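Reader: I would like to learn how to read a structure like this one. Could we go through it feature by feature?

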Amino acid sequence: MCGIVGYIGARNATPIILGGLKKLEYRGYDSAGIAVLENDKIELRREAGKLSRLTDAVQKSPLSGQIGIGHTRWATHGAPSQQNAHPHLGCTERVVVVHNGIVENFLELRDELSKNGAEFKSETDTETIVHLVEHYLATGLNLVEAAQATFEQIRGANVIVLMSADEPDKIVTARIGNAGGVVVGFGEGEMFAASDIPAILEHTRRVIFLESGQMGVVTQDGAEITTVEGKPVEVQARTIAWDPVSAEKGEFRHFMEKEIHEQVRSLTDTLAGRVDFDEGRIRLPQLNLTSEIAQKIEKIYIVACGTAAYAGMVGKYLIESVARIPVEVDIGSEFRYRDPIVNENTVVLAISQSGETADTLAAMEEGRSKGAILWSIVNAIGSQAMRISDGVIPMQTGPEIGVASTKAFTAPLVDLYLLAVLLADLRGTLDAAKRRQMVADLRLVPDLVGQVLERESDIEKVAHALKDIKGCLYLGRGINMPIAYEGALKLKEISYVHAEGYPAGEMKHGPIALIDEEMPVICLAPRDPWHEKMISQIQQAKARNSPVIAVATDGDEVIADMADHVLWIPPTPWMLSPVITVIPLQVLAYHIASLRGLDVDQPRNLAKSVTVE
Ligand code: AGP
């Protein structure tokens, strides 16, 4: 949710921390702050609003030192004001803390600390942490001991980074529960701590990830990892393959635009090494899927949130059609509250870009506690979802920075297709010719995506026609029904236009009452098994004077005659069509939001990874 960066080394910490925060701004942009130890004094700069305001403040009033921590905030407790911005200093002004998560017992802690004389200057739960550390320091403990005593006191899922002017040789960091990640980076004579890899990628690729319940004491020369109770833990640093350029915008105006265009590459990478085109077979080595496991699976629950859940809905179609296993798609925030029927023959399959979404992780834990096999399709390397899974299909997309997910939607669509074919192969539910055909079709995918992207200027023209709309319906049927949901979500999250995705057949049961000449309807009508039904749908919308925008297959004259605008896609095998039909909807949403002059990469009220319930 929030972004954290810590630095200790020989260089000036300020530009390193601000540069890292820039890479993490997607995690929250309600306020930003930095604390640096300068001449034995903790200097603080904090600003409400985006990071650029902090950068301006630092330019006007520079601060420099070799150790510091910074934060970019997505507000939970307390307004997004300067006073509530992190870092938070204690009363002695010798200890400073940044935090991501929620201290659930902060009210009772604050009362107790206030009674003992602590003066609170903000409305945040975070401030209790720094006062607690000071309280324990005053009893004679050193910083690490005081931090450990503090971690014991606080409830909830929290990531904490703190430092003290009195022990300037270290930064202390901890991860308690599922409040997002902590990555510790190893440089030459310098060390980093951050919420996510892109923050430090420019400086090092050698990292370790803290597990829940672990803490790190980070000095200039290395890090000592223990449990939060202080028990030593053996962790090997690993090298991340991502290159720093993948976390930059390059020639594009926005990360979202760049990430839309990266899909040709990311889908090529998704297939690489996993598809044997000669044999017509799929390999997913990190899934640890044996024929024995495949045979015993009785049910799959796909658990995910937002865009990832819509990818899961496409997965349901695929897995049920070809592997004949019943699949239910559950929203992460609901799964654990309905006592799902799970046993050791059930797979709980999580889909998550960040691998840190609290609701998805909670759903995985529910599955684990009931004995399920845990699988995940995850992008962020080293994330919690990846670590707790029995088997993983890592997305091959590289970092996704734009808050509106694009390439981390199409990659799992293809991953789910691969999984469906593999399961079907191992269970014997797909004849060899059909399997070979499904595998051969995969070869087309990157090129088909590229062909749609080449038509961007046509899509942009449609965006001009729609830029002032007040609302919009997206309709789809069959395997493209979830794409209606996804198209609507893309539009609403970056354009602030009310948009609803609907199964097209449901229109007549209510939503059709909304339709008039001011309500455009975007119809997913590629040549798939539901094509004729979508044509009737378009007729019904036209009969009520609604402007119709259709996503249709090249050469479809019927649709060309009926629709006001057509977003054309090349002919595509229908089981892969969601990967292609979603592309014009991503591009359309992007251009509508740009034409409305909105901040595409950082839409209001949102954050990239949602690490609170
Ligand atoms: C997508 O555009 C969203 N901003 C959001 O729905 C996202 O997909 C959801 O929060 C899940 O995130 P995850 O994939 O990191 O778990």
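Reader: How many Å is an oxygen atom of the ligand from a polar backbone atom of threonine 307?

Author: First, note that this is a predicted model. A polar contact is a pair of N or O atoms within 3.5 Å. Here the distance from a ligand oxygen atom to a polar backbone atom of threonine 307 is 3.2 Å. Side chains take part as well: a polar side-chain atom of serine 354 is 2.7 Å from an oxygen atom of the ligand, and an N or O atom in the side chain of lysine 490 is 3.0 Å from a ligand oxygen atom.

Reader: What percentage of the ligand's accessible area does the protein cover?

Author: On its own the ligand has 420 Å² of accessible area, and the protein covers 90% of that. Around the ligand there are 14 residues; those that come nearest are Ser352, Gln353, Ser354, Thr357 and Glu493.

Reader: Now the sheet. In what order do the six strands come?

Author: Read the sheet from one edge to the other. The order is β5-β6-β7-β8-β12-β13, in an open sheet with antiparallel pairing. β5 (88-89) and β13 (222-227) each have a single partner strand, so one side of each has no neighbour in the sheet.

Reader: Which helix packs on the sheet and touches β5, β6 and β7?

Author: That is helix α4 (residues 126-138), whose direction makes about 140° with that of β6. Helix α5 (residues 143-153) lies across β7, β8, β12 and β13, and runs at about 20° to β8.

Reader: Which residue in β7 does valine 98 stand opposite?

Author: Its opposite number is valine 161. The strands β6 (residues 95-101) and β7 (residues 158-164) are joined by seven bridges in the antiparallel sense.

Notes. Residues are numbered from 1 along each chain as its sequence is written. This is a predicted model: local features need pLDDT of at least 70, side-chain atom pairs count only at pLDDT 80 or more; totals for chains, interfaces and linings use all residues. Side-chain values use heavy atoms; hydrogens and water are left out. Two strands pair if DSSP finds at least two bridges between them. Helices (H or I, at least four residues) and strands (E, at least two) are DSSP runs, numbered from the N terminus. Contact means heavy atoms within 4.5 Å. Axes are lines fitted to C-alpha atoms, for helices over the stretch in contact, and angles run from 0 to 180 degrees between N-to-C directions. A residue is near a molecule or strand if one of its heavy atoms lies within 4 Å of it. A polar contact is a pair of N or O atoms within 3.5 Å; within protein, one must be able to donate a hydrogen and the other to accept it, and residues adjacent in sequence count only if both atoms are side-chain atoms. Accessible areas come from the Shrake-Rupley method with a 1.4 Å probe; for residues, only the protein chains shown count as cover.
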